[in-house]
Amino acid sequence: MDNCLFCKIIKGDIPSTKVYEDDKTYAFRDIAPMAPTHVLVVPKAHVSGMNTIDELDDATLSACLRACCKVAELEGLTGGFRTVSNCGDDACQSVQHLHFHVLGGKKLSEKMD
């Protein structure tokens, strides 16, 4: 999509700090981190969110989840990490491109609201 922030980041039109990349995914540091490690994993194919993942092939969807694990490994999150995907306005999804937050680097709160 031409006006999608994450599509522009994937294409290199907007700079980012890349953490990981493969043929189906791109992972980069969040510009407003909520934990010592906060990396976003996005599919290179545009899909707006979890509610539209039927538009993705299974290989791309599994690549996203594998990329989350690879990011955790690269970032040394041996004590654990959290993976979150916000979907829709009520969940405060700010960019309408499916993305997974990989959070870690400290003991995270049990509270998820």
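Okay, let's start with a question: is Cys92 buried or exposed? Cys92 counts as exposed, because its relative accessibility is 60%. For the cut-offs, buried is under 20% relative accessible area, exposed is over 50%, and partly exposed sits in between, with a 1.4 Å probe and protein chains only.

Before I go on, the ground rules. This is a predicted model, so local features need pLDDT of at least 70 and side-chain atom pairs count only at pLDDT 80 or more, while totals for chains, interfaces and linings use all residues. Residues are numbered from 1 along each chain as its sequence is written, and side-chain values use heavy atoms, with hydrogens and water left out.

Back to Cys92. You'll find Cys92 in the loop between S4 and S5. Helices and strands here are DSSP runs, helices being H or I with at least four residues and strands E with at least two, numbered from the N terminus. Cys92 also has a positive phi, about 65°, although it is not a glycine.

Next door in sequence, Gln93 belongs to that loop too, between strand S4 (81-84) and strand S5 (100-104). Gln93 counts as buried because its relative accessibility is 7%. What does Gln93 touch, not counting residues up to four places away in sequence? The list is Ser48, Gly49, Asn86, Cys87, Gly88 and His99, where contact means heavy atoms within 4.5 Å. Take Ser48 from that list: Gln93 and Ser48 are 45 residues apart along the chain, and their C-alpha atoms are separated by 9.9 Å.

Now, the cysteines. How many disulfides does a search of the whole structure find? Zero. A disulfide is a covalent bond between the sulfur atoms of two cysteines, and the criterion is a pair of cysteine sulfur atoms within 2.5 Å. Why no bond for Cys64? Its closest cysteine sulfur is in Cys68, and at 7.1 Å that is too far for a bond. Cys64 counts as buried, because its relative accessibility is 0%. As for Cys87, that residue is in no disulfide either, and the nearest cysteine sulfur, in Cys92, is 12 Å away. Cys87 counts as partly exposed, given its 30% relative accessibility.

Cys64 turns up again around Thr25, which lies in strand S2. Thr25 is buried, at 0% relative accessibility. Leaving aside neighbours within four places in sequence, Thr25 is in contact with Tyr20, Val41, Val42, Pro43, Lys44, Ala63, Cys64 and Ala67.

On to the nonpolar cores. A core here is a set of buried Ala, Val, Leu, Ile, Met, Phe, Trp, Tyr and Cys residues joined through side-chain atoms within 4.5 Å. The largest one has 16 residues, and the members that touch the most other members are Ala27, Val41, Val71, Phe100 and Val102. Strand S1 (18-21), strand S3 (37-43), helix H2 (58-74) and S5 each put in at least two residues. H2 has the largest share of this core, with five residues. Let's pick out Val71: setting aside neighbours within four places in sequence, Val71 contacts Val19, Tyr20, Ala27, Val39, Val41 and Val102. Apart from that core lies another, of 10 residues, including Tyr26, Phe28, Leu40 and Val42.

Staying with helix H2, Ala72 is in there too. Ala72 is buried, with a relative accessible area of 4%. Beyond neighbours within four places in sequence, Ala72 is in contact with Leu77 and Phe81. C-alpha to C-alpha, Ala72 and Gly105 are 9.5 Å apart in space, and 33 residues apart in sequence.

Last item, the pocket. On a 1 Å grid over the protein atoms alone, a pocket is an open set of points where a 1.4 Å probe fits, with protein on both sides within 12 Å along at least five of seven lines, and lining residues have an atom within 4 Å of a point. Which residues are the closest to the centre of the largest pocket? Of the 31 that line the largest pocket, they are Asp30, Met34, His38, Asn86 and His101. H1 gives the most to that lining, with three residues.

One of those central residues, Met34, is found in the loop between S2 and S3. Met34 counts as exposed, at 67% relative accessibility. The C-alpha atoms of Met34 and Leu103 are separated by 7.6 Å, with their positions 69 residues apart along the chain.
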